[in-house]
Amino acid sequence: MTLAVGVQLPEVEYESRWDNQAALARLIEQAGFDSIWVGDHLLYSDDRGPLGPWEAWTQLAAIAAITDRVLIGPLVASTSFHAPAMLAKMAATVDEISSGRLVLGLGAGWNRVEYDAFGFPYDRRVSRFEEAFAIIRRLVAGETVTFSGRYYEVTDSVLLPPSARAGGPPLMLGSKGERMLAIAAPHIDWWNSWYAWHANEPNDLAPIHAAVDEALSRAGRDPADVTKTGAALVQFESGAGRQTAYERRAPVRPVTGSAAQIADELRRWERAGVDHLQLVLDPITTDTVERAAEVLRLLRS
């Protein structure tokens, strides 16, 4: 199977207005990439001060409308930021606008700054995720859901109009936590790793993939049936050193060099078992997307 490759749009690397986001999305599709991803964050804070990206689901709806072929998705959506039935409703709507191109990436969230700033509870995030995930996965699959938990409650909830594709969008988990894997493993279609988890070194993915495979096997799943995705930080010569405060706690070595050298490096992700690669470009501009497109051509040659 040929390695699929996508690109993540800018978050807070610089102030990227919608016209720039839209131009990048169109260029990524035209250049032949397989997917476009949007981080689901609301606010960061580091030595530059407070930094905020655009809201993810609003962007995804707009990207769905201006593209025709690429898969799209949040990398990944925090179940903390919306009532679960509402998140499912937004996902179903974006999937409809995109004619069935959404990958529904989900996670429990981690960034305390945005929780406090926007008034979301930060405690018991995995327990909250467990209840939210139970509601979301059933709703997007077309079920009518009644659920009463400690954190969330819905009664006769259903997504109408119904999804145009059977079973709804594929579910992707963005977590390596043991409990998160146990919750999601029976149901996910995709799984995602972030480059900071393994210092952008694909050889260090082996124990993480082993834990994912073990969780899938325990859930009665064939690990080969779940698409493994992974983010890779690629820095071009003009890169500014893209690092959020979170990533600075564990500095990583970006992939860099000529187009041929970068392509050779990215093949290591494929050999490490990644099926779909998400490029985080430093910097992320029309110029670097075009340069990454040359890397893509070499990967496929």
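**Exercise 1.** In which sense do strand 11 and strand 12 pair, and over how many bridges?

*Solution.* Some conventions come first. This is a predicted model, in which local features need pLDDT of at least 70, side-chain atom pairs count only at pLDDT 80 or more, and totals for chains, interfaces and linings use all residues. Residues are numbered from 1 along each chain as its sequence is written, and side-chain values use heavy atoms, with hydrogens and water left out.

Step 1. Strands (E, at least two residues) and helices (H or I, at least four) are DSSP runs numbered from the N terminus. Two strands pair if DSSP finds at least two bridges between them.

Step 2. Strand 11 and strand 12 pair in the parallel sense, over four bridges. Within strand 12, Thr229 is the bridge partner of Asn192.

Step 3. Together with helix 7 (residues 206-218), strand 11 and strand 12 make a right-handed β-α-β unit. Right-handed denotes that, with the strands pointing away from the viewer, the path from the first strand over the helix to the second runs clockwise.

**Exercise 2.** Trace the connection from strand 10 to strand 11, and describe the two faces of strand 11.

*Solution.* Step 1. Strand 10 (residues 171-173) pairs with strand 11 in the parallel sense over two bridges, and Met172 stands opposite Trp190.

Step 2. Between strand 10 and strand 11 the chain passes through helix 6 (residues 178-184), in a right-handed β-α-β crossover.

Step 3. In a regular strand the side chains alternate between the two faces of the sheet. In strand 11 (residues 190-193), Trp190 and Asn192 lie on one side, Trp191 and Ser193 on the other, and all are buried (under 20% relative accessible area, with a 1.4 Å probe and protein chains only).

**Exercise 3.** Place these strands in the whole sheet.

*Solution.* Step 1. The open sheet has nine strands in the order 5-2-1-13-12-11-10-7-6, with parallel pairing. Its edge strands, each pairing on one side only, are strand 5 (71-74) and strand 6 (77-78).

Step 2. Strand 12 (residues 227-235) and strand 13 (residues 276-282) run parallel and are joined by seven bridges. Gln235 is placed opposite Asp282 of strand 13.

**Exercise 4.** Which residues touch the most other members of the largest nonpolar core?

*Solution.* Step 1. A nonpolar core is a set of buried Ala, Val, Leu, Ile, Met, Phe, Trp, Tyr and Cys residues joined through side-chain atoms within 4.5 Å.

Step 2. The largest core has 75 residues, of which Phe33, Trp57, Leu104 and Leu266 touch the most other members. Helix 5 (residues 125-140) gives the most to this core, eight residues.

Step 3. A second, separate core of 13 residues includes Trp37, Val76, Met172 and Tyr195.

Methods. Buried means under 20% relative accessible area, exposed over 50%, partly exposed in between (1.4 Å probe, protein chains only).
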